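Me: I'd like a close look at one part of this model, a pocket and the helices around it. Could you take me through it in one go?

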Amino acid sequence: MPWFMAVFGRDTIIACLQTLLFGPELARNALAALASLQAREDDPSADAEPGKIVHEVRYGKAAERWFHRYYGTIDATPLYLVLFSELWRWTDDTSLAQEFKEPALRALEWIDRYGDLDGDGFIEARKRSERGLDVQSWKDSWDSQRFHDGRIAEPPIAPAEAQGYVYDAKRRLAEIAREVWRDRPLAERLEREAEELKRRFDEAFWCEDRGGFYALALDGDKNQVDSICSNIGHLLWSQIVPPERVEAIVDQLMGEGLWSGWGVRTMSENEPAYSPLSYHNGTVWPHDNSLIAWGLAQHDRWPELQRIVQRMLAASRHFDHQLPEVFAGLRRSETPFPIAYPTAARPQAWAAGTPVLLLQLLLGLRPNRQRHRLESVAPAELPHWVGSLRLSGVRAFDSTWDVRVRDGIVQVEAV
């Protein structure tokens, strides 16, 4: 029986973020399902606190071996708010914003009351269950939180990308609070908290050496876990990176340490803990690359975004156009095809969602809520390898749109 045939909160949310081109139903149903599973009690045995979004749900013998519901995830709760906001931006549906107000406010309370364990303004993860996960960010293998000297960080762990998710979630929720809920005090408070988090994050996580980068995490003693990892790309996506740092982050992502030629590795090959076949310490994850590409799009870094799209689609041809969960981080210059990871799940939800999001990003498709239009912000001419392309039936704002690429120009028309 496949162990990963189960509901995962984080994976569900990201797969929905990747596939909004298909319409709102998947995301809306996911928000409802995860709200019904949202923790209501403090239960240390399941790493649950009120307002927390579930990590995984299992039944039968699988539940006997692990948990029926397990809540050991630090990032699913802020990501829930990101999906809530993104779906609203694609629909401008005020009834949706009202329907999920209560679970959204519960998630926000979890961030502020339970997520920040020591009051320093950052959310941290610490296992309370006797048999839960030691690491509760997306790179949740036991050995993923490594210092540059190879040591493993001790909990509680404050992952860098999770702080970015919180920053993004608060800014997004402030928008909904102001425009739909008409709660200006809440909107103003969230914006203040987000800006303070951005300032303190830069102070606590920025590492000046090796060209400049953000630490993977802070350990239990607030030491920077200073390995160079792909998580910095998620920071571009959440837009917590100040403008003067963007260039350094892009250089790290596309430099020889992280860039394999097939995609961005989870860990730089210059780190002592790097291995091209280590689950989270050197492999290439398609979904990770899709969020990095989204971050590049947020900062108009089109050449780098296009490189990720081109190489990820090239890699997919070696997997029968069905990207796996993960593949090896070996250099493209050394292997004529991407090397498979022995136990990678395929199909896998957020790997399957990757080419959909990459296509959206390549075409520069964004919803304009003020004009109720789907628009393209892509550069004037796309690379020749894109060729001719047509998407029909793209849905946004209760309308259907056709998207065409002709002679490198993206055209979007309502049907």
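What volume does the second largest pocket have?

Reply: It comes to about 530 Å³ (the space filled by probe spheres set on grid points joined across faces, edges and corners). Of its 23 lining residues, E86, R89, Q298, R366 and P367 sit closest to the centre. The elements that give two or more residues to this lining are α4, α7, α11 (286–298), α14 (354–362) and β9 (365–368). By class, the lining splits into eight nonpolar, six polar and nine charged residues.

Bear in mind that this is a predicted model, where local features need pLDDT of at least 70 and side-chain atom pairs count only at pLDDT 80 or more, while totals for chains, interfaces and linings use all residues. Numbering runs from 1 along each chain as its sequence is written, and side-chain values use heavy atoms, with hydrogens and water left out.

Some terms: a pocket is an open set of points on a 1 Å grid over the protein atoms alone, where a 1.4 Å probe fits, with protein on both sides within 12 Å along at least five of seven lines; lining residues have an atom within 4 Å of a point. Helices (H or I, at least four residues) and strands (E, at least two) are DSSP runs numbered from the N terminus. Ala, Val, Leu, Ile, Met, Phe, Trp, Tyr, Cys and Pro count as nonpolar, Asp, Glu, Lys and Arg as charged, the others, Gly among them, as polar.

Now for two of those lining elements. Helix α4 (residues 76–91) packs on helix α7 (residues 160–179) at about 45 degrees, with the axes 8 Å apart. That makes α4 oblique to α7 (neither under 35, nor over 145, nor 65 to 115 degrees). Their crossing is left-handed. The α4 side of the contact (heavy atoms within 4.5 Å) includes E86 and R89, both also among the residues closest to the pocket's centre. From α7 come Y165, V166, D168, A169, R172, L173, E175, I176 and E179. The tally for this contact is eleven nonpolar, one polar and six charged residues.

α7 has another neighbour in helix α6 (residues 101–115): the axes come within 12 Å and cross at roughly 140 degrees, so α6 and α7 are oblique to each other. Here A104, L108, I111 and D112 of α6 meet V166, K170 and L173 of α7. That contact has five nonpolar, no polar and two charged residues. V166 and L173 thus turn up in the contacts of α7 with both α4 and α6.

Technical notes:
Axes fitted to C-alpha atoms, helices over the stretch in contact; angles between N-to-C directions. Left-handed = near helix turned anticlockwise from the far one by under 90°.
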